[in-house]
Amino acid sequence: MTFMLWLALDAVAAEPDAAVELHPAEIPVVVSTPASADDEAVAAPSADASALAAQRLAFLAALRGAPAQHRYAVGKNLTLESTGQVRALGYVPPADVVLNPDGLTLGQGPTLDLRIRTGFALEIDRLRLSTQWDLIAAPVVGDPWDIPGVEDRRHREATLATGGPIGAAPREASLSFAVPQGFAFSGGLQTSHWGLGLLANDGAHDTLFGRTDRGDRMLRVRGTFLPWVKAGKAMPLFVTLAADQVVEDDLARWGEQRAWQVIGSVLWADPAQKVGAYIVYRDQTEPGVAPRPTRAAVADVYGDWKLEAASGWSGRVAVEAVGLFGTTQLVLPAYQRQTRVLSGGGALETELHDPTDVLQLHLRAGATSATGDPDQGRLSDFAMDSNYN
């Protein structure tokens, strides 16, 4: 078993909580709009305090590369939405790491990494057309790694200054519509995210540590509906069914593997809490003469609660747990035709904010299963999504 623990203490002017959008046209994971200088959800006691908060938000947004979002009313029933983000990250890898017994080293030095992400959406009544792209997502200058013949998904084998690829990739090109009866449908290229992001992560949720890149992308057909109506009002209970052809995630990539999956989820989401369950069945084959199929089912439960005290202190507790069950021929012990897969993992996130929201305490913990003796015919390794840090 692998266990991880992170602890962080922030003492900066904090951004306000993002507005919660319960939009049935979106996947039933509550979408949080990142705070920016244009966020109008800042509650301040005076005009001077509001101006100061806006200045702090603008400064923090610039430092973090927070996405900017704008909406424009073009006509009576026509709305244009644009999003954009420019992120520059400089990093210095640890001392040269030896990768194999032959003495091959990583050989990477300081590097400056750039990502430019932009998106547009057009809403006509209840119809929405959306597209989003990573225009550049690659190292710009610096010292790439020295591993020969290896192309990394973050393109760390080259830089733009030395003629490396720019890393451009489409993230979304989809059509969705919603009806007043509480049903929404979408289809096309979409990103995928659930819960804290242990299993499905869209690479668009800023993390307390580390970085996010690319994200899970699917050719998806999805329907979402709100089945519970009380006193003429739809309750925030979202039920979703979806079918995916995987374009890219941590386990498969279009042109290298063939992977499809079906998904069912139930999520209760209101401003104070989010609680839900997510079930996936996946079939994946590898290239070559022998397809080496992997067939697995995944069960995921998630909860996220906001806590408020009369003294002004506030907090948050969130948890996600995943179990994976199935078979694979990708790893085969001696004299066996397939390997059983039985693995799992989980993560806990907690936050504590003082009444001024200037001082914050964050605690992150996680645990995953691991394989003991692979010759026993059971694979128990579980890896959290690479964008969950």
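Q: Contact means heavy atoms within 4.5 Å; with which residues, then, is Asp216 in contact, leaving aside its neighbours within four places in sequence?
A: This is a predicted model, so the reading rests on computed positions. Asp216, in the loop between β9 and β10, is in contact with Gln190, Thr191, Ser192, Leu199, Ala200, Asn201, Asp202, Glu248, Asp249, Asp250 and Asp385, once neighbours within four places in sequence are set aside.

Q: What is the nearest side chain of opposite charge to Asp216, and how many ångströms away is it?
A: A salt bridge needs a side-chain nitrogen of Lys or Arg within 4 Å of a carboxyl oxygen of Asp or Glu. For Asp216 the nearest side chain of opposite charge is that of Arg282, 7.2 Å away, and this buried residue therefore has no salt bridge.

Q: Is Thr212 buried or exposed?
A: A residue is called buried when its relative accessible area is under 20%. Thr212 counts as buried because its relative accessibility is 3%, and it lies in the loop between β9 (183–191) and β10 (217–225). Beyond four places in sequence, Thr212 touches Arg87, Arg115, Gly203, His205, Thr207 and Asn387.

Q: How many positions apart in sequence are Thr339 and Arg378, and how many Å separate their C-alpha atoms?
A: Distance along the chain and distance in space are two separate readings. Thr339 and Arg378 are 39 residues apart in sequence, whereas 5.6 Å separates them from C-alpha to C-alpha. Thr339 is found in strand β18 and counts as buried, because its relative accessibility is 2%. With neighbours within four places in sequence left aside, the contacts of Thr339 include Gly326, Val331, Pro333, Gly377, Arg378 and Leu379. For the chain as a whole, residues 24 or more positions apart account for 58% of the contacts with a separation of 6 or more.

Q: Which residues touch the most other members of the largest nonpolar core?
A: In soluble globular proteins, nonpolar side chains tend to be buried together. Here the largest nonpolar core has 23 residues, of which Trp194, Leu196, Leu198, Tyr278, Ala347, Met384 and Tyr388 touch the most other members. Two or more residues of this core come from each of β13 (237–248), β14 (258–270), β15 (273–285), β16 (294–308), β17 (314–328) and β18 (339–353). Leu196, taken as an example, touches Tyr302, Ala318, Val319, Ala347 and Tyr388 among others, not counting residues up to four places away in sequence.

Q: Which residues make the nonpolar surface patch?
A: Nonpolar side chains may also be examined at the surface. In this model Ile124, Leu127, Leu129, Leu175, Phe177, Phe183 and Phe225 make a nonpolar surface patch of about 540 Å², to which β7 (127–142) and β8 (169–179) each give two or more residues. Leu175, found in strand β8, is partly exposed, because its relative accessible area is 37%.

Q: What is the phi of His155, and what is that of Asp357?
A: Phi is a backbone angle, and its sign is read residue by residue. His155 has a positive phi of about 55° although it is not a glycine, and Asp357, also a residue other than glycine, has a positive phi near 65°. His155 is found in the loop between β7 and β8 and is buried, with a relative accessible area of 7%. Asp357, in the loop between β18 and β19 (359–368), counts as partly exposed because its relative accessibility is 24%.

Q: How many helices and strands does the chain have, and what percentage of its residues count as buried?
A: The secondary structure comes to 1 helix and 20 strands, and 41% of the 389 residues count as buried.

How values were computed. Residues are numbered from 1 along each chain as its sequence is written. This is a predicted model: local features need pLDDT of at least 70, side-chain atom pairs count only at pLDDT 80 or more; totals for chains, interfaces and linings use all residues. Side-chain values use heavy atoms; hydrogens and water are left out. A nonpolar core is a set of buried Ala, Val, Leu, Ile, Met, Phe, Trp, Tyr and Cys residues joined through side-chain atoms within 4.5 Å. Buried means under 20% relative accessible area, exposed over 50%, partly exposed in between (1.4 Å probe, protein chains only). Helices (H or I, at least four residues) and strands (E, at least two) are DSSP runs, numbered from the N terminus. Contact means heavy atoms within 4.5 Å. Patches are made of residues with over 30% relative accessible area and no salt bridge: like charges are joined within 9 Å, nonpolar side chains (Val, Leu, Ile, Met, Phe, Trp, Tyr) within 5 Å. Accessible areas come from the Shrake-Rupley method with a 1.4 Å probe; for residues, only the protein chains shown count as cover. Lys and Arg count as positive and Asp and Glu as negative; His and the chain ends are not counted.
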